[in-house]
Amino acid sequence: MLTRGHAKIPLLAICLSSMLSLVACGGGSVSIDDENKTEETLDSTPDNFTFLAVKDIGLNTQVESNLVVIKGINTAIDISISGGEYSINDGSYTSLAGKLNNGDSLRIRVSSANTYQTESVATVSVNAVNKTFSVTTMAQPIVDNDIVQVNVKLNTKHSIGGIDKFERKKYINIHASSLENDWGQNDGHSLNAPNELGENLMLDFMQGYDVYFGRDTGSIGWNLRNVSEDANRAGFVDEASASQRGGDVKWVYDKNSGYKYVNARLVEDRMQDMIMGGQQHPYWPEGTLINPVNGDPAWAFSQTDTAQEPFGTATGHYMSQFLAKFFALNDNDLGQAQPVYFEVMNEPLYDLTTDREGQANYVEPLKVFEFHNTVAAEIRKNANNDNVMVGGYTIAFPDFDKDNFKRWEDRDKLFIDTAGDNMDFISLHLYDFPTFQNSERYRRGSNLEATLDMLEHYTYLKYGAVKPMLISEVGSSVHARVNQAWTPQRDAEKVRSITTMNTQFLQRPNTILKVIPFIPVKAEWGRRNVNGNSIAYSSRLMMQQKERDGSDDNTWVYSDHVYFYQLWSEVNGTRVDTSSSEVDLLTESYVDGNTAYVVLTNLEFDDIKLAVNTLGLTNNDLQSVDFKLLSYSDNNETQFTEQSATELPENIELPAEATMIVKLVYANDINITESTTEQRYYATSYQQEIVANTSINFAFNSVQLGTDGQAVLRLGIGRDHGKSLTPIVNINGNSVKVPSDVQGYDQKQGKNSTGRPNFFGVVEIPVTYDQLQQNNTVTVEFSDTGGYVSSAVLQVLTAN
């Protein structure tokens, strides 16, 4: 049928009308005036179509309608929408008016309400024909207060300081390099003892668990023994000798056909951002002899300290030569890739200052920090080192709060004030002390947060930006088991600390450059004789079978440290929004294609029951669920288990101090349609003394806000046990509730004994988003005197 306007007119009527003109209907040519032809052939009314209502949807979730196809028209027609957005032919969603053609597909998108059992409706108008798409949120769930709620918004990307990906080479590392003899040959004490995996140990481990190399503090010393002293400049290496040795090392790396080098070249992509550095000896210039392997006379680095040759110049000169001449400087050069990070010295104050207290050879911290400046200047004199980042001071035990923050003033702040301008990063080591002087002193939890917040806050105030941090050792020092043979309990303490703190480090991808679990391969360099017994080093990826079962079997097998790598072996992807209703349950989530990984870490000494609520998915069925659980038995042995299911359980029990990674596999790729941005703002002042009933004022300026989001005020507090940790807090004149709980233990009491000498941790205070403004004033008032508010950080999450 032809049409005139919206009326249907029989063809016969048209023919009769036309007979008044020139011709009759039939096979000949028919002349119809142009105006009548236009009116008679247009059809702008589409066939009927329907958008199906959707119910039981999660809060604040974008929902797409069913797809409809526009039919029955032969001209472009208008389309507009209110209350939502539309997409034509799977194109971008829009809310602007547009045009539809016959055969076009149409889909509607609506954001569900932020309240339960609430309907949201979009109305689309197609050539004056109105159709609706409604989305109704679920009924409010009955929540058991004993069950921790974990909400995972799978469709919402979560960016922290511009970073939204899980970076394996930043977090999943081993304290080793690719050329270490410990991977399989020349083991020293255990010469020719077999590896369970033979020559494939390194490849199987690095590639099988997707691990990256992390840190090397040994090769610089070995190469020092292979260069000569400068005959014309006492206490300095001969540059020609360094060039010769460096060239040889690079050639051997590329050309040697032994399996050590062949395998190293196969995994050189995992050596692209190595940390290297020196120990105290012989690099600290105090006369420690260097014994060349070529038979040359022993010599020591120059101790001269003049304006022309500042103390440490000779050390820095060698380190500069090493970095510039022993590594590939471009893709066409021979050798391993040049290290990205260089630590001037490993834990210098532990040896030179702390252990020498009251002795003639005691070294003032200021001298060590000035030494850092000298070494950094020497390294940077060589243009071939322009891409190397130099840092320090590789803090062994960053106990900023010790002696009411005197340690911070005398060491850590002094280092930043003295050498910070010349450091590309701050390097530190973080260890739990589960058995130290009859106490349990855990770094993990709120103490770790306070330590990093204070360091970030002060460097931000000093430089206008946070000085990046490099965590080059993470672990646990089990003092009660020093110089003892291997036990699973000692391994358990180390694995637990590494795993838990790694989850915390995930929350700072923009300020942490790299994290190295302190897990060497075999650490035969640390073996020692104790009362006639050969005692292996306590932190190792590999151990000998005889250590585990008491046999005579020398075969090298994995220690329990490998469970850390097994747990994290698959995690990858884009970070998505995740929240927990319990401060002691840490959680992070990542989406990779059709797979989501939900990381759950329990900081409590007791089991936690939790529910994982996945939000933001429509028309995407869950296919399988896999669980990896790293937990600890009643007698404190590490347990690693894996299970599978077809659906996510209503409740999950997470054992005390355990970490679980839940892998969710869906039928289709997970569509990430929303995004949030997390930014930390630092107050204009830090380290404020606490005086009873006296307000401490903090200002947070230039805060960027959107229409919706969340915020947390993080107060670092250091004070004696028994003092209040719940001050009166006001934000822009509005009172906020201060929680009584902190991450991890209360630091006063451990599992079986007392905790730290005093409290130093972060109290996290939720803030209503609409209480914030561009410039904010926060007042904090305690009822008692003592200690400091060490840092004040405003953590703001804004929906984009």
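In this predicted model, helix 12 covers residues 446-463, a run of 18 residues. From its first C-alpha to its last the helix reaches 25 Å, close to the 26 Å expected at 1.5 Å a residue. Most of helix 12 is covered, with 14 of its 18 residues buried. After the helix comes Gly464, a residue with a positive phi, near 80 degrees.

A second element with many buried residues is strand 28, which spans residues 585-592. Seven of its eight residues are buried, so the strand is largely enclosed by the rest of the structure. Strand 28 pairs with strand 27 (residues 574-580) through three bridges, and the two run antiparallel. Strands 27 and 28 form a hairpin, with four residues between them. Strand 28 also pairs with strand 29 (residues 595-602), again in the antiparallel sense, over eight bridges. Here, too, the two strands form a hairpin, now with two residues between them. Gly593 lies in this turn and has a positive phi of about 65 degrees. Ser589 offers a handy place to look at both pairings: Val576 stands opposite Ser589 of strand 28, and in strand 29 the bridge partner of Ser589 is Val598.

Further along the chain, four strands make up an open sheet in the order 37-42-39-40, with antiparallel pairing. Strand 37 (696-700) and strand 40 (734-736) stand at the edges; each has a single partner strand, so one side of each is left without a neighbour in the sheet. On average, neighbouring strands of this sheet are turned by 25 degrees against each other, direction ignored.

At one edge, strand 37 is joined by five bridges to strand 42 (residues 776-781), the two running antiparallel. In this pairing Ala699 stands opposite Thr777 of strand 42. How do the side chains of strand 37 alternate, and which of them are buried? Ile696, Phe698 and Phe700 point to one face and are buried, whereas Asn697 and Ala699 point to the other and are not. Such a pattern is familiar, as side chains in a regular strand alternate between the two faces of the sheet. Ala699, the residue opposite Thr777, thus belongs with Asn697 on the face whose side chains in this strand are not buried.

At the other edge, strand 40 is joined to strand 39 (residues 728-731) by three bridges, and these strands run antiparallel. Within this pair, Asn730 stands opposite Ser735 of strand 40.

Terms used:
Residues numbered from 1 in each chain as written. Predicted model: local features only at pLDDT ≥ 70, side-chain atom pairs only at ≥ 80, totals over all residues. Heavy atoms only, no water. Pairing = 2+ DSSP bridges. Axes fitted to C-alpha atoms, helices over the stretch in contact; angles between N-to-C directions. Buried < 20%, exposed > 50% of the residue type's maximum accessible area, 1.4 Å probe, protein only. Expected span 1.5 Å × (residues − 1).
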